[in-house]
Amino acid sequence: MIPIRTKDGTPSPRRDKQAVREASSSRVVQRPVPQSQLKDARTYQIDQVKRRFSPSETSSAAGDTILTFSLSPSDPDFPYELEALKCELRIPAGYPQGKPRILVKNSDIPRGFAINIEKGFEKMVETRKGATLLALINALDRNLEAFLSEQKAETVKLVVFKDTRHLEQEATKASSKDRKTPSPTPTPSPIVKPQPHRPYVPEESFTRDQIAEAKARRAQEIRQLEARMSRLPNYQRSSDGIVYTLPLEPKRRSMLPLGLQQVQSAQLIIPLLYPLQPLRVLLNGVDAQDAEGIEELFTKVASEKKEMSLTSHINYLTQNLHILAKQAAAQAAAAQAAQASQASPRAEAKKAEHSSVLSDARDGKGHLEVIPRPPEWSLPHQESDGSHSDDGSDYSEDGSDEEGSEGGAAGISDTSRPGSSSGPSKTSEVGTAISFPHIELHNVDLLEIRSLSLLVKCDRCKTLNEVPNLRDGIEKTQLSCKKCATEFRVKFRKELVHMASTRAGFIDVVGCSVQDMLPSIFIPTCGKCSTSFPATPGLSSVRGETTTNVCRECHSRFTFKIPEVKFLVYSYANALPRAQASRANRHEKLGLHAGEPLPNKGACEHYRRSYRWFRFSCCGKVFPCDRCHNASAESGSHVDEWASRMICGWCSREQKYHPEMCQFCGRSVIGKSGKGYWEGGKGTRNKVLMRRGDPRKYKRVGGGELRKKKEKDEK
């Protein structure tokens, strides 16, 4: 390295600055130019454009070369929805002396903005003299956003109008001559009110600083929105990042109109220049007429409150959807009243004109001729002889049979008339109703039970019995109690479950009572394409389990969860005397209730520190432990399997198996560790403190080492 200072300490004459400020002209070398460009610059530059864009080439009559190609914006943050700019580059025959021109051929770009792009290209040709065609096109790509953000150029549209009034007058004169009747009195033409002049409202333009600030805020708020909503089942994002489909759960769904109570999601349209441009929202799964007023009110609120974030706008829509619905209904009613008030004078004038024409016709002064009603058009009950037509139109206007039994056709009863049914239109509300309170349906319009499995209790011996595969409308009669052999019958009548009804049907039982629902087969209907899930496999689910699958038609994901199952006795389907049951059993509390502990907190005689019940996969029934399951009467009829679900002994909520604690209340379902037992190494490991009942207290761990040492010493 060259020292900065000399040996005597004085600074070195060498400096860090450049020794020569400017190079001499003899050492400056020009940029090399290809020989083909020197020979024919026009052909060379055209070949550059061909290799870059692969355009279609044509020639005009004047000898100009026309290149047609598409220019895609290279800016990744391009704010406008433009896939490609369709350009037509005209290169004169005398280029580079002549100036090239460009024409925009996009039909979706207004002509005023296309003129801005063409004029901008002409300015670049004038300012950048000596630049190649490819360099000019690249400069156009870089400045495309600036050209489109300029004020739209003024344009004039020419409309061709052909005057045909003289032809209409000649046709009117010819028709008046051919008429034998006197010409009618000419009616005055209606006065056409001049349309109010609409002032020109120029489009709002923004500066570069405003656009940059809007882009930064939009990116930040979208990150917040995706962080909160991206894991929800109904969340979707469009490829261009403008439309976001978000789940919508109104706070007061019951206060919404019937047409809006089925809304589950909404599409949030975020413009590229948000918040400079207002938000828009589209409600999914509802009628357009019901949602149009709410969408307009939301856009108005979003434009007024630009300081709110995207998450705040979504929360506002969720909390105030019922208020927006009331405001939209009030505005629609006011508009209808105003329209009716405007239409009433016109209707009265039209009615007066019609009555005057009829009076003139009766007096013989008008040109209208009144034709009497044909006799065959009269109704059957108006005929004097009681005869009826042969076309089968023997109904009276009020729907009742006014003719006697001796003459005319016999009356048709109400049950045989079209549109009437002999049976009830819905399931009769008798028996035991099965319902799913707080059911969660995501992207599911309807949910029905294909095959229902129940756990019933015998009225005589109180033994629990299993009734599998109950179908709609099919009664199972060959059933009996496994202990006392009492016969009982069970019949299921299904209903459709949706957001407005959580009742799944009615169960008619004789000789028993319903206790619980075992794993059953369900058929959901997709909320996007309204396609039902195939009935052959169906989807198995039980209380507390979340079921997620994909539609076989549109491949969209749907989810449903049954947190709780309730049985409510409306009445007994059959007139079976219920006096056999004791009075104490009438007030017996059946089933489990969320939030209340299990009997003895779920502990049994085998495991006193286990605070839970298990649902075994082999039989689908609930037992406190494996020994209780093996001791049951039906344990020998099937192969034992491990339990995959459990019920917490503190809150009675069913859930997937967890070894130590409940996932709902957070309390421990096992006894505290370290009470003098080994417990797989997690408990007491000190043999002095270990209980005598633990076999590891007296087990000699490592005792063979001493014996091996003695044998080695003896040798």
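Trainee: What makes R685, K687, R696 and K699 a patch of positive charge?

Mentor: Keep in mind that this is a predicted model. Lys and Arg count as positive, and R685, K687, R696 and K699 gather on the surface. Patch members need over 30% relative accessible area. Take K699, which has 48% and so clears that cut-off.

Trainee: Why is K699 called partly exposed?

Mentor: Exposed means over 50% and buried means under 20%, with partly exposed in between. K699 has a relative accessible area of 48%, so partly exposed is the right label. You'll find K699 in the loop between β25 (654–656) and α13 (704–714).

Trainee: Okay, on to salt bridges. How many does the structure hold?

Mentor: There are 19 salt bridges. One of them pairs E145 with K215.

Trainee: How do you know that E145 and K215 form a salt bridge?

Mentor: The cut-off is 4 Å between a side-chain nitrogen of Lys or Arg and a carboxyl oxygen of Asp or Glu. The closest N and O atoms of E145 and K215 are 3.9 Å apart, so the pair counts. E145 sits in helix α5 (residues 144–148) and K215 in helix α7 (residues 208–229), so this bridge ties together parts that are 70 residues apart in sequence. As for cover, K215 is partly exposed at 25% relative accessibility.

Trainee: What makes R493 and D508 a salt bridge?

Mentor: Try the cut-off again: N to O is 3.0 Å, which is within 4 Å, so they qualify. R493 belongs to strand β14 (residues 487–494) and D508 to strand β15 (residues 503–510), 15 residues apart, and the pair links distant parts of the chain.

Trainee: Are R493 and D508 buried or exposed?

Mentor: Buried is the word for R493, because its relative accessibility is 12%. D508 counts as buried too, at 13%. Each value is under 20%, so the label fits.

Trainee: What does R543 form a salt bridge with?

Mentor: Its partner is D516, with the closest N and O atoms 3.5 Å apart. R543 lies in the loop between β18 (539–541) and β19 (546–550), and D516 in strand β16 (residues 512–517), so parts 27 residues apart in sequence are tied together. R543 is buried at 10% relative accessibility, and D516 is buried with a relative accessible area of 11%. There's a bigger picture as well: salt bridges that share partners join D516, R543, R615, R645 and E654 into one network.

Trainee: Why is T311 called buried?

Mentor: Its relative accessibility is 9%, which is under 20%, so T311 counts as buried. T311 lies in helix α9 (residues 310–319). Leaving aside neighbours within four places in sequence, T311 is in contact with L225 and R228.

Trainee: And what makes A325 buried?

Mentor: A325 has 7% relative accessibility, under the 20% cut-off, so buried it is. Look for A325 in helix α10 (residues 321–363). Not counting residues up to four places away in sequence, A325 touches L256, P257, L260 and I294. A325 and G293 are 32 residues apart in sequence, yet their C-alpha atoms are 7.6 Å apart in space.

Trainee: Why is helix α4 called mostly covered?

Mentor: Seven of the 10 residues in α4 (residues 133–142) are buried. Those are L133, L134, L136, I137, A139, L140 and D141. Their cover includes α2 (41–53), β2 (65–71), β3 (85–91), β4 (101–104), α3 (111–127) and α5.

Technical notes: Residues numbered from 1 in each chain as written. Predicted model: local features only at pLDDT ≥ 70, side-chain atom pairs only at ≥ 80, totals over all residues. Heavy atoms only, no water. Helix = DSSP H or I, 4+ residues; strand = E, 2+ residues; numbered from the N terminus. Buried < 20%, exposed > 50% of the residue type's maximum accessible area, 1.4 Å probe, protein only. Contact = heavy atoms within 4.5 Å. Patch = residues over 30% accessible without salt bridge, like charges linked within 9 Å, V, L, I, M, F, W, Y side chains within 5 Å. Areas by Shrake-Rupley, 256 points an atom, 1.4 Å probe, with all protein chains shown as cover. Charge placed at Lys NZ, Arg CZ, Asp CG, Glu CD.
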